[in-house]
Amino acid sequence: MTTMKKYYKQIDVLRGIAITLVLFGHSIIVFPIDLNAIGWCNFLHTLVSSVHMPLFFLISGFCYSFKNPKDFYIKKIKRIFVPYSVFLISGFAVGIIFPSLVNDSQGLNGLLNSLLYGTNYWFLYTLFLIFLIFPLIEKAMVNKAMQAVVLSVLFVLSLFNFWPELLSINKVVWYISFFATGYFIKQNLESVKAVVNKLFSKKVAGFVCSVVLSGLWIALVFVDWKYFAELNYILISTVKIAEAFLGMAAISLIVNLTVNYRSSDAFVSLGKYSLQLYLLDGYMLVISRTLLIKVLGITNPVIIITGIFIFTLVPSYLLIRFIVDRFKVFRFLFGIV
């Protein structure tokens, strides 16, 4: 007898928000114009970057399910490894053929570095490695107490900076704690829902709390921590974790309050194709920034960011939904399983 997998609309909405934040963050470009040199652009980029990837890994941990090892790893190879390999190789081919369009064309050496360090499409590289090792970690998370212990240990390990970059170990150690948090929430979902419903039974309370959390998140990001980073790496790592959780908590509360509104359906659609949007982002980014800056000569940062974001999001979504998702070969190459 096959059991139906329970559907959580909030997760799809959060996934859609996460990919929207990723595309927006990438729209604040550093080439051929360095928008991060502008104060408010740098702040926006830092704010968005503090939360979008931790949110993606938390969602991945929430959706994680390991039952049959063979089925699990085959699915991950099809879902992550195949599109990662295809787009990694094609991306470097574009860089070699059209070097003037990219700011990191490194030829075959760059390709080798990506394979060893996960530089290009590092998110998929890191996520795939986490999926490989997390089934071993899960064996220790036999009950709530052990789940809390393991989660605490993972966060403590993430505070230190002695982890090597080889095989993206430093990123794995950093993001696996957020992945494990998503797993912990899923395993204790009823308890989490009971606490949320008790504290925020009224929408006003949830709205006020989301505003407060957002304010704290923005305040932490606004502070210039560079001086403190030179004094204490553990302190700055703790701040980054706090930023991520404040941002994710604020966004999650807003989603919980608005999930039944039709406006949330747009994020559900984006969430469905979040991986594919991520894969196409680099290509659309090259086209849009070339058109806006090199062809049209636009220098206004608001127009550049808005134009790149819209051009990256809309055509990519239409291409994926109406072409990629309708042909078996494209579905395979883009990791739609």
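**Helix and loop geometry**

Student: In which loop does Pro32 lie?
Tutor: The model is predicted: local features need pLDDT of at least 70, side-chain atom pairs count only at pLDDT 80 or more, and totals for chains, interfaces and linings use all residues. Residues are numbered from 1 along each chain as its sequence is written, and side-chain values use heavy atoms, without hydrogens and water. Helices here are DSSP runs (H or I, at least four residues), numbered from the N terminus. Pro32 sits in the loop between helix H1 (9-27) and helix H2 (39-49).

Student: What is omega of the peptide bond joining Phe31 and Pro32?
Tutor: Look at the bond type. The bond is cis. Omega is therefore small by definition of cis, at about 0°.

Student: How far does helix H3 reach from its first C-alpha to its last?
Tutor: H3 covers residues 52-63, 12 in number. The expected span is 1.5 Å times one less than the number of residues, which gives 16 Å for H3. The model comes close to that, at 17 Å.

Student: How many residues of H3 are buried?
Tutor: Buried means under 20% relative accessible area, exposed over 50%, partly exposed in between (1.4 Å probe, protein chains only). The buried residues include His52, Pro54 and Phe62. H3 is largely enclosed by the rest of the structure, because the buried count is 11 of the 12.

Student: Is Ser168 buried or exposed?
Tutor: Ser168 is in the loop between H7 and H8. Phi is near 55°, positive in a residue other than glycine. The relative accessible area of Ser168 is 0%, so Ser168 is buried.

Definitions and conventions: Helix = DSSP H or I, 4+ residues; strand = E, 2+ residues; numbered from the N terminus.
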